[in-house]
Amino acid sequence: PQLQKDPQRTGYSSEQINPTYSLKWKWNTDQTNPVRFAHRTQPIVAYGKMFIGGFDGKIYAVNTSSTGGNVTSTLWTFQAGGPILHSAGADDSKVIFGSDDGKIYALNEANGVKPWEYQTGAGIETAPLILNGIVYIGSKDGNFYALNVTNGSLVWKYTVGYPIYNSAAYSASVNAIIFGAEDMHVYALNANGTLKWKSPNKLSG
């Protein structure tokens, strides 16, 4: 699971929930000191847990098995070096996310132990795209990175030269990773990091 469910960002699920509805559990109910989130952050659910990162730089692993409308427990937290401004992804028993400290983190889903991290040149405000054992993510340093899910090693990076604030998506029809950058162009990259195409005109806005 990842932002909008899958690499294509479809947001589609075949699951159907029928009424009547009832509250199963709740979390972050102490509004005297609440965890606050960036508006675009989505929780992901994997391995029997909910994962979400906050402005406080922590990622939270929340128990999803509670019932009866009770306050559920936080199973573990991990403190990054800066705010977490977008959604995490999960693969290979790891939770993967970027932080505004410029690092991409991978944590063991069971206990929050960090098997690897990768330092980019500026903060990250995008969600990872995870596909075929590779993590794809853009940074405000103007580079788009492809990292090995297992060990965090750099597979390749593509330099745009302008900050990247848009989370990438995968197009199966053209077999490309697609994202926008602050030069107001859209880029499509091949799986090996070469440019497939760049929008000829700048986007308005």
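Start by selecting A106 and W116: A106 stands opposite W116 in strand β10. Keep in mind as you go that this is a predicted model.

**Stop 1: around A106**

Stay with A106 and show strand β9 (residues 103–108) together with β10 (residues 116–119). Four bridges join β9 to β10, and the two run antiparallel. Now add strand β8 (residues 94–98) on your screen. β8 pairs with β9 (residues 103–108), again in the antiparallel sense, over five bridges. What stands opposite A106 in this pairing? Select I96, which stands opposite A106 in β9. So that you can follow the chain from β8 into β9, colour the turn next: the two strands form a hairpin with four residues between them. Click on G102 in that turn, where phi is positive, at about 90 degrees.

**Stop 2: strand β4 and its partners**

Move to residues 58–63, which make up strand β4. Is β4 largely enclosed or not? Five of its six residues are buried, so the rest of the structure largely encloses this strand.

Show strand β3 (residues 49–53) next. β3 and β4 pair in the antiparallel sense over five bridges. To see one of the pairs, select I52 and Y60: Y60, in β4, is the bridge partner of I52. β3 and β4 also form a hairpin, with four residues between them. In the turn of this hairpin, G57 has a positive phi of about 80 degrees.

Then bring in strand β6 (residues 74–79). β4 and β6 pair in the antiparallel sense, with five bridges. Here the pair to pick is V62 and T74, since the bridge partner of V62 in β6 is T74.

While the sticks are on, here is a point to look for: in a regular strand the side chains alternate between the two faces of the sheet.

**Stop 3: backbone details**

Go to the segment before β1 (25–26), where you will find T20. Zoom in on the peptide bond from P19 to T20: this bond is cis, with omega near 10 degrees.

R9 is found in the segment before β1 as well. Which sign does phi have at R9, positive or negative? R9 has a positive phi of about 60 degrees, although it is not a glycine. Switch on the surface and check R9 again: at 14% relative accessibility it counts as buried, because the cut-off for buried is under 20%.

For another residue of this kind, jump to N175, in the loop between β15 (169–171) and β16 (176–180). N175 is not a glycine, yet its phi is positive, about 55 degrees. N175 is partly exposed, with a relative accessible area of 44%.

**Stop 4: zoom out**

Finish with the whole chain in cartoon view. How many helices and strands are there? The protein has zero helices and 18 strands. Along its principal axes, the C-alpha trace spans about 55 × 40 × 35 Å. With 205 residues, a compact globule would have a radius of gyration near 17 Å, and the 18 Å of this protein agrees with that.

Colour by accessibility, and 49% of the 205 residues count as buried. The protein exposes about 10000 Å², and carbon and sulfur atoms supply 49% of that area.

Last, colour by charge. There are 16 positive and 14 negative side chains, and the centres of the two sets lie 1 Å apart.

Technical notes. Residues numbered from 1 in each chain as written. Predicted model: local features only at pLDDT ≥ 70, side-chain atom pairs only at ≥ 80, totals over all residues. Heavy atoms only, no water. Rg over C-alpha atoms; globule rule 2.2 N^0.38 Å. Buried < 20%, exposed > 50% of the residue type's maximum accessible area, 1.4 Å probe, protein only. Areas by Shrake-Rupley, 256 points an atom, 1.4 Å probe, with all protein chains shown as cover. Lys, Arg positive; Asp, Glu negative; His and termini not counted. Charge placed at Lys NZ, Arg CZ, Asp CG, Glu CD. Pairing = 2+ DSSP bridges.
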